[in-house]
Amino acid sequence: LFFEPLTLEDVLNVVERLAGGPALRAGCESGVPNLDQQTHGSESRATGELIKGLIIQFGGQTPLNLADGLVLAGAPILGTSVDSIDLAEDRDRFDHLLEELDLKRPASGIARSLEQAVEIAGEIGYPVLVRPSYVLGGRGMEICADEVALRHYANTALDLSGLDDAPLLVDKFLDGATEMDVDVVGDFDGGTALRAVSADGSPAKPQPHGSESRATERYATKGQALIAGVMEHIEHAGVHSGDSSCSVPPWSLPTRLVERVKDTARRLARSLHVCGLMNVQMAIKDDDIYIIEVNPRASRTVPFVGKAKHVPWARVAAKAMMGVSLSEQGSRELPDTGAFAVKAPVFPFQKFPGVDFVLGPEMRSTGEVMGIDISMPVAYLKAMLAAGVKPPREGGVFLSVRIEDRPAIIDIARSLMAMGYKVYTTEGTGAELRRHGMKTTILQKIKVEARPNVLDLMADGHIAMVINTPTQTGWQTDEGKIRATAVRLSIPMVTTTTAAKAMLRSMEALRAGDWGVAALQDYAEMARERTPSDQPIFSS
């Protein structure tokens with residue numbers, strides 16, 4: 001175990017130390033590695049006895065960014081090949097792959113100036129999702145509803161990010177879509193299947209990163225792809241996947257659509273010749289499936305999926321990378337376990353008083369928890385409690401939503417009133433509810449001198465929960481002050497209507513009081529009973 005920065009220089013220093021010094025580069029000619037040494041599971045002389053290969057799938061995006069340099073230095077990569085990684089991450093090459101597979105992705109473009117970004121956005125239509133390229137965690141990402149918002153983003157947020165020299169990626173934002181995460185494990189050809197070949201059949205020299213000139217002939221592939229887990233996000237599209245709660249199995253999508261999602265993920269894994277783990281992010285809108293992103297590595301969801309399905313998928317993938325096929329491991333796709341597992345994010349806002357709490361494309365969570373139960377509302381409730389969010393059993397609920405969210409809030413408000421909660425609203429939200437026969441307590445805006453306002457009622461303990469879908473962000477706005485106060489006073493807060501519906505169901509479960517807890521092993525036993533005897537649920 002080495003405590004060193006994940007930079008190319010430091011990693012190569014470790015490899016050279018274990019390999020006995022300059023022996024690493026002895027396997028290279030003019031800086032180009034001997035591709036024979038990269039064969040899956042090889043014991044290359046270039047890396048001595050202690051280094052069999054490097055696994056770069058389990059460290060997030062950072063190790064993948066080192067792949068080209070590691071290969072050029074002669075370090076063999078185990079698992080999915082570097083060319084497959086490039087195929088998934090190079091936007092032009094990946095777009096061509098999706099065309100070959102007849103798969104959709106949101107309309108997009110790459111801009112290298114503000115005017116070019118405005119032109120692209122005009123062509124694909126607003127709203128658009130814009131972000132600098134080569135960033136992690138959605139940093140600097142924003143949804144722009146019109147040209148004014150796009151120009152404001154480019155002139156303020158983009159400059160502040162320090163990334164104004166990077167190309168700007170502009171994607172059509174699928175408003176109201178349902179997002180999915182799919183984790184896949186594959187064992188295709190030990191990761192060597194996409195290695196380019198010369199006309200005589202001998203290995204060709206690797207092409208520069210991002211190059212589109214690849215030999216068309218490929219080694220024959222063998223292997224399979226298994227769906228480790230399909231997760232449906234609870235928050236709608238536009239919230240970073242790391243900040244969105246999600247459920248295994250999907251909680252609202254029809255089975256036929258889930259099967260299409262699985263088939264799409266398997267086809268992508270086969271086309272990319274994945275050896276190890278792969279994560280696919282999709283969006284479902286009007287029964288159409290759109291590919292948002294494919295990561296040829298383990299995602300943050302793998303530990304969650306492993307516990308939800310009771311299978312150590314990271315171990316299965318590691319063995320596949322070492323040459324033990326999925327068939328040899330006895331691994332198979334498993335039916336649903338009979339229980340719902342919900343992953344919920346944990347946020348650090350309590351540590352930063354005054355910070356505006358809004359979920360969006362930029363990731364802000366610092367941890368995750370899981371709840372599991374045979375009932376979806378109870379599983380969500382357990383996840384919320386584990387994350388430190390306790391839905392109120394009684395008291396007042398403050399509602400303030402965007403105009404486009406008002407139709408969705410009607411049933412939520414009606415259910416809250418039916419359970420005995422006192423509902424407070426802003427004037428606009430209250431007017432919408434009055435049109436549907438509901439009378440709420442209207443609170444004036446904070447800037448108006450009328451007291452008490454919502455901040456006073458929160459401080460006095462009259463408001464036990466806040467449901468606010470943002471129209472404005474920033475701590476200096478009225479909405480920002482409300483959200484910041486809720487965080488400071490530990491008042492549960494929801495900022496999307498989809499999460500509000502899930503929270504409402506969990507509040508009903510909490511008031512019913514007929515739920516309990518069980519050990520994870522108990523749920524594993526339940527899953528084992530649902531699995532046919534010829535399909536072992538645990539891999540050896």
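Biologist: Where is His 436 found in this structure?

Modeller: Happy to start there. His 436 lies in the loop that runs between α15 and β18 (441–442). Keep in mind that this is a predicted model.

Biologist: Does His 436 count as buried, exposed or partly exposed, and why?

Modeller: The general idea is to look at relative accessibility: under 20% is buried, over 50% is exposed, and partly exposed is in between. His 436 has 36% relative accessibility, so it counts as partly exposed.

Biologist: Which residues does His 436 touch, leaving out those up to four places away in sequence?

Modeller: His 436 touches Ile 410 and Arg 414. Ile 410 is 26 residues apart from His 436 along the chain, yet their C-alpha atoms are separated by 7.7 Å.

Biologist: Ile 410 brings us to the helices. How do I read a helix pair?

Modeller: Two packed helices are described by the angle between their axes and by the distance between those axes. Here, helix α14 (residues 406–418) and helix α15 (residues 427–434) have axes that come within 10 Å and cross at roughly 70°. The two helices are therefore roughly perpendicular to each other, and the crossing of α14 and α15 is right-handed.

Biologist: Which residues of α14 and α15 meet?

Modeller: From α14 come Arg 406, Ile 409, Ile 410 and Ala 413, and they meet Gly 428, Thr 429, Glu 432 and Leu 433 of α15. Sorted by class, this contact has 4 nonpolar, 2 polar and 2 charged residues.

Biologist: Now the sheet, please. In what order do the strands come?

Modeller: The sheet is open, its 5 strands are ordered β18-β17-β16-β19-β20, and the pairing is parallel. At the edges are β18 and β20 (493–494), each of which pairs on one side only.

Biologist: How many bridges join β19 to β20, and how many join β16 to β19?

Modeller: Strand β19 (residues 463–468) is joined to β20 by 2 bridges, with Ile 467 standing opposite Val 494 in β20. A helix belongs in this picture too: α17 (residues 478–488) packs on the sheet and touches β16 (396–400), β19 and β20. The direction of α17 makes about 135° with that of β19. As for β16 and β19, 5 bridges join them and they run parallel. Phe 398, for example, has Val 466 in β19 as its bridge partner.

Biologist: Why is β19 described as largely enclosed?

Modeller: Count its buried residues: 5 of the 6 residues of β19 are buried, so the strand is largely enclosed by the rest of the structure.

How values were computed. Residues are numbered from 1 along each chain as its sequence is written. This is a predicted model: local features need pLDDT of at least 70, side-chain atom pairs count only at pLDDT 80 or more; totals for chains, interfaces and linings use all residues. Side-chain values use heavy atoms; hydrogens and water are left out. Axes are lines fitted to C-alpha atoms, for helices over the stretch in contact, and angles run from 0 to 180 degrees between N-to-C directions. Helices (H or I, at least four residues) and strands (E, at least two) are DSSP runs, numbered from the N terminus. Angles under 35 degrees count as roughly parallel, over 145 as roughly antiparallel, 65 to 115 as roughly perpendicular and the rest as oblique. A crossing is left-handed if the near helix is turned anticlockwise from the far one by less than a right angle, and right-handed if clockwise. Contact means heavy atoms within 4.5 Å. Ala, Val, Leu, Ile, Met, Phe, Trp, Tyr, Cys and Pro count as nonpolar, Asp, Glu, Lys and Arg as charged, and the others, Gly among them, as polar. Buried means under 20% relative accessible area, exposed over 50%, partly exposed in between (1.4 Å probe, protein chains only). Two strands pair if DSSP finds at least two bridges between them.
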